[in-house]
Amino acid sequence: MKKYYDIRISMHDYIRKLYEEAHVNGSPLIRTMFYEFPEDAKCWELQDQYMFGNKYLVAPVLHLNEFKRDVYLPEGKWKLTSDGTVYEGSCTVSVDAPIEYMPVFEKM
């Protein structure tokens, strides 16, 4: 539990920025992929991953006994937060999804 508390504390400034943005222009904190990447046709089809603000791509595990999953990464560089691996976007990658964490990518 302390691990997730520490993550939350480390994201405090980012989350505050998202709340301010929501207040000023109505942007949601949790966003569909096409909200951030409207020019990417693939993002209009995705239903099982989302953006947390404009920086974090979240790919939750939705099925029992699913320990690996495919994640579409839009254009750009993306860092898998669990191990620091950097991926070039505009492709689908297969990543581990153990019970200890869900795949989250940080846009670089």
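**Fold, sheet pairing and cysteine environment of the predicted model**

From the N terminus on, the elements of the protein chain follow the order α-α-β-α-β-β-β-β-β-β-β. The model is predicted, and its secondary structure amounts to three helices and eight strands. The C-alpha trace spans about 40 × 40 × 25 Å along its principal axes. The radius of gyration is 14 Å, which agrees with the value near 13 Å that a compact globule of 108 residues would have. Of the 108 residues, 33% are buried. The chain exposes about 7100 Å², and 57% of this area is supplied by carbon and sulfur atoms. When contacts between residues at least 6 apart in sequence are considered, 44% join residues at least 24 apart.

Six strands form an open sheet with antiparallel pairing, in the order 1-2-3-8-5-6. Strand 1 (30-31) and strand 6 are the edge strands, each pairing on one side only. At the strand 1 edge, two bridges join strand 1 to strand 2 (residues 50-52) in the antiparallel sense. Arg31 has Met51 in strand 2 as its bridge partner. Helix 2 (residues 12-25) packs on the sheet and touches strand 1, strand 2 and strand 3 (56-58). The direction of helix 2 makes about 105° with that of strand 2.

Strand 5 (residues 77-80) lies between strand 8 and strand 6 in the sheet order. Strand 5 pairs with strand 8 (residues 104-107) over three bridges, in the antiparallel sense, and Trp78 stands opposite Lys107 of strand 8. Three bridges also join strand 5 to strand 6 (residues 86-88), again with the strands running antiparallel; here Lys79 stands opposite Val86. The hairpin of strand 5 and strand 6 has five residues between the strands, and Gly84 in this hairpin takes a positive phi near 85°.

In a regular strand, side chains alternate between the two faces of the sheet. Strand 5 shows such an alternation: Trp78 and Leu80 point to one face and are buried, whereas Lys77 and Lys79 point to the other face and are not buried.

Glu106 is located in strand 8. With a relative accessible area of 17%, Glu106 counts as buried because the cut-off is 20%. Beyond its neighbours within four places in sequence, Glu106 is in contact with Lys55, Tyr56, Lys77, Trp78, Lys79 and Thr81. Among these contacts, Lys77, Trp78 and Lys79 belong to strand 5, and Tyr56 belongs to strand 3.

The structure holds zero disulfides. Cys43 takes part in none, and the nearest cysteine sulfur, that of Cys91, is 12 Å away. For Cys91, likewise, the closest cysteine sulfur is that of Cys43; a disulfide requires sulfur atoms within 2.5 Å, so the separation of 12 Å is too far for a bond. The two residues can also be described by their accessibility. Cys43 has a relative accessibility of 1% and is therefore counted as buried. Cys91 has a relative accessible area of 28% and is partly exposed.

Notes. Residues are numbered from 1 along each chain as its sequence is written. This is a predicted model: local features need pLDDT of at least 70, side-chain atom pairs count only at pLDDT 80 or more; totals for chains, interfaces and linings use all residues. Side-chain values use heavy atoms; hydrogens and water are left out. Buried means under 20% relative accessible area, exposed over 50%, partly exposed in between (1.4 Å probe, protein chains only). Helices (H or I, at least four residues) and strands (E, at least two) are DSSP runs, numbered from the N terminus. Two strands pair if DSSP finds at least two bridges between them. The radius of gyration is taken over C-alpha atoms; the globule rule is 2.2 Å times the number of residues to the power 0.38. Contact means heavy atoms within 4.5 Å. Accessible areas come from the Shrake-Rupley method with a 1.4 Å probe; for residues, only the protein chains shown count as cover. Axes are lines fitted to C-alpha atoms, for helices over the stretch in contact, and angles run from 0 to 180 degrees between N-to-C directions.
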